[in-house]
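Student: I would like a close look at one part of this model, the sheet and the spaces around it. Please take the strands in turn and then follow them outward to whatever open or enclosed space they help to line.

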Amino acid sequence: MQIEPTALPGVLIFTPRRYGDHRGFFAESYNRLRMAEAGIGIEFVQDNHSLSEAVGTIRGLHFQAPPHAQDKLVRCGRGAFLDVAVDIRRGSPGYGRWVAAELSFENARQMLIPAGFAHGFVTLTPQAEIVYKCSDYYAPETEGAIRWNDSRIDIDWGLPEGTTPVVSDRDAGAPWLSEIDSPFTYEGPLPWEVAR
């Protein structure tokens, strides 16, 4: 599995190797031992799978607060989407900065989004499927969100000209970054940053 850093320390891109022939392909999408060898000791406890019907569907920016904060390993099951992570750790050198990567069925890439980062995505194809592992269980009482179009963060969602974003009422009314009291504090580089 190829592991690449991103412009936002702590967020990584994984690309598993695919073995193909006339029947299709085989890929190992997750291997706990390989992750541990890279300094990543996350224990994932829940898998989530969502489908977005329309191009331009934006979900996010979401997070869960401690004690149920989640690391996420995100991949595409079908189609393509732009996956986004925003550093919301108070005191972090990257606070308020974002990074994005296109994840698709074709490129097989996955993005590791650590706890302390808000997560969102926008679909680039119809019927895009998002599949992701979480390091803690869903706990609605700890849910938090930041407005997807916050000008302080200024995410380039890469929407095609003339595309109207499809956004839930909850996401459309989420607070701005300046309005939240982030439950996360920067405590230095993450273990896998040090191991690299």
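**The five-stranded sheet and its surroundings**

Tutor: An open sheet is built from five strands in the order 9-8-11-6-13, with antiparallel pairing throughout; strands are DSSP runs of E with at least two residues, helices are runs of H or I with at least four, both numbered from the N terminus, and pairing requires at least two DSSP bridges between two strands. Its edges are strand 9 (98-104) and strand 13 (143-145), each of which pairs on one side only. The model is predicted, so local features need pLDDT of at least 70 and side-chain atom pairs count only at pLDDT 80 or more, while totals for chains, interfaces and linings use all residues. Residues are numbered from 1 along each chain as its sequence is written, and side-chain values use heavy atoms, leaving out hydrogens and water.

At the strand 9 edge, seven bridges join strand 9 to strand 8 (residues 80-87) in the antiparallel sense, and within this part of the sheet Val-86 stands opposite Trp-98 of strand 9.

Further along the order lies strand 6 (residues 58-64), which holds Gly-60. Gly-60 has 0% relative accessibility and therefore counts as buried (under 20% relative accessible area with a 1.4 Å probe and protein chains only, exposed being over 50% and partly exposed in between). Glu-193 lies 133 residues from Gly-60 in sequence, and the two C-alpha atoms are 25 Å apart in space.

Strand 6 also leads to the enclosed space. The structure holds one cavity of 30 Å³ or more, and the volume of the largest cavity is about 60 Å³. (On a 1 Å grid over the protein atoms alone, a cavity is a set of points where a 1.4 Å probe fits but cannot get out, a pocket is an open set with protein on both sides within 12 Å along at least five of seven lines, and lining residues have an atom within 4 Å of a point.) The lining of the largest cavity consists of His-62, Phe-63, Gln-64, Gln-70, Lys-72, Ile-113, Ala-115, Gly-116, Phe-117 and Phe-184, and strand 6 contributes the largest share of it, three residues.

Turning to the open spaces, the largest pocket has a volume of about 390 Å³. It is lined by 23 residues, of which His-62, Lys-72, Tyr-132, Glu-143 and Arg-170 are the closest to its centre. Two or more lining residues come from each of strand 5 (46-52), strand 6, strand 11 (117-123), strand 12 (128-134), strand 13 and helix 2 (169-172), and strand 6 gives the most, with five residues. His-62 and Lys-72 thus belong both to the lining of the largest cavity and to the residues closest to the centre of the largest pocket.

The second largest pocket, with a volume of about 210 Å³, is lined by 13 residues, and those nearest its centre are Arg-89, Ala-115, Thr-185, Glu-187 and Leu-190. Among these, Ala-115 also lines the largest cavity.

The cysteines complete the picture. The count of disulfides is zero, a disulfide being a pair of cysteine sulfur atoms within 2.5 Å. The sulfur of Cys-76 has its closest cysteine sulfur in Cys-134, 16 Å away and so too far for a bond; seen from Cys-134, the closest cysteine sulfur is that of Cys-76, at 16 Å. Cys-76 is buried at 8% relative accessibility, and Cys-134 is likewise buried, at 0%.

Notes: Grid points are joined across faces, edges and corners, and a volume is the space filled by probe spheres set on the points.
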